Each structure stands twice: as C-alpha cells, then as structure tokens.
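The following exercises are to be worked from the sequence and the coordinates together. Each task is followed by a stepwise solution.

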Amino acid sequence: QVQLVESGGGLVQAGESLRLSCAASGRTSSRMNLAWFRQAPGKEREFVAATHWSRDSTYYADSMKGRFTASRDNTRNAIDLQMNSLKPEDTAVYFCAASPLWRPSSLRDAREWGYWGQGTQVTVSS
C-alpha cells in the first residue's frame, strides 16, 4: 500500500512561482518512483515530470523544460516541483503518482502509474 499527499497549491498571478510537494508513505514507499501529472478542465491528464526512487534520473515533458524543476527528497520519500514564471495555461489540478516500475518509454502514460494522490489546485491569474 502506498499513500500520496500533495501540498503547496494555491492562487498566484502570472509570473509568480509555486513549489509543490508530494510525500509518499507506506511499506514500499521508499522504493516507489514518483511523478507529477496535471489536468486542466476539459483536458486529458498531462505528464509533467518523473523521478526514479534511487537513480539520478529525471524526465520532463518537453513543454515543461526550463520553467519547472522536479527533485526527489529521499529522506522524506517525496517529490517536489518548483514552478517558475507561471502562466495562466498552467492552471490545473496537479496530481502526484507512484509506480514500482521504471520504463522510460512509458513514463508519460498515466496508465503506467498505479497510485495517485488527490491532487492540489494551482490557479494562475492573468
């Protein structure tokens, strides 16, 4: 069993920054790969970034590179997401996901991830 809890969402103006955090807990949480997805109203769930549980390996969606940075905190079994220069189109519910598998060719597929948090709302005003 793995439980995921996201935090850090909120309402910000365009150009501001937010830092999200997702903490994993449970018997196997220390060996779970962690990822961020987001879903805007009326749109499909979109891959943001993923980190391996032990390797220095991070993947990003091409559209997120440059502004978003994901990092793994192994002491807390957590994944953080630093979001800079936020734009209105970044408005979405941001979800944390976990999986014991690490298959780079499939990481961007939401179906690859078996555990999900409840999400945290990020709203960016213009």
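**Exercise 1. How many disulfides does a search of the whole structure find?**

Conventions come before the solution. The model is predicted, so to speak of local features requires pLDDT of at least 70 and side-chain atom pairs count only at pLDDT 80 or more, while totals for chains, interfaces and linings use all residues. Residues are numbered from 1 along each chain as its sequence is written, and side-chain values use heavy atoms, with hydrogens and water left out.

Step 1. Apply the criterion, a pair of cysteine sulfur atoms within 2.5 Å. The search returns 1 disulfide.

Step 2. Identify the partners: Cys22 and Cys96, with 2.0 Å between their sulfur atoms.

Step 3. Assign the handedness. The S-S torsion of Cys22 and Cys96 is about -80 degrees, so this disulfide is left-handed.

Step 4. Place the bond in the chain. Cys22 belongs to strand β3 (residues 18-25) and Cys96 to strand β9 (residues 92-99), so the bond ties together parts 74 residues apart in sequence. Strands (E, at least two residues) and helices (H or I, at least four) are DSSP runs numbered from the N terminus.

Step 5. Classify the burial, where buried means under 20% relative accessible area, exposed over 50%, and partly exposed in between (1.4 Å probe, protein chains only). Cys22 is buried, at 0% relative accessibility, and Cys96 is likewise buried at 0%.

**Exercise 2. Describe the aromatic cluster and the charge that sits over its rings.**

Step 1. Pair the rings of Phe, Tyr and Trp (its six-membered ring) whose centres lie within 6.5 Å; planes under 30 degrees apart are stacked, over 60 edge-to-face, and the rest tilted. The count is 5 aromatic pairs.

Step 2. Join the pairs. Phe37, Phe47, Phe95, Trp113 and Trp116 are linked into a cluster.

Step 3. Look for charges over rings, meaning NZ of Lys or CZ of Arg within 6 Å of the ring centre and within 35 degrees of the ring normal. Arg45 lies over the face of Phe95, 3.9 Å from the ring centre. The charged end of Arg45 also sits over the ring of Trp116, at 4.8 Å from its centre.

**Exercise 3. Which residues does Tyr60 contact, leaving aside its neighbours within four places in sequence?**

Step 1. Locate the residue: Tyr60 is in strand β6 (residues 58-60) and counts as buried at 17% relative accessibility.

Step 2. List the contacts (heavy atoms within 4.5 Å). Tyr60 touches Phe47, Val48, Ala49, Lys65, Phe68, Thr69, Ala70 and Arg108.

**Exercise 4. Examine the backbone at Asn77 and Ser85.**

Step 1. Recall the background: most residues other than glycine have a negative phi.

Step 2. Treat Asn77, in the loop between β7 (68-73) and β8 (78-83). Its phi is positive, near 50 degrees, and Asn77 is buried at 16% relative accessibility.

Step 3. Treat Ser85, in the loop between β8 and β9. Phi of Ser85 is also positive, near 50 degrees, but Ser85 is partly exposed, with 40% relative accessible area.

**Exercise 5. Summarise the whole chain.**

Step 1. Count the elements: the protein has 0 helices and 11 strands.

Step 2. Assess burial: buried residues make up 44% of the 126 residues.

Step 3. Assess contact range: among contacts with a separation of 6 or more, 60% come from residues 24 or more positions apart.

Step 4. Give the extent: the C-alpha atoms fill a box of roughly 40 × 25 × 25 Å along the principal axes.
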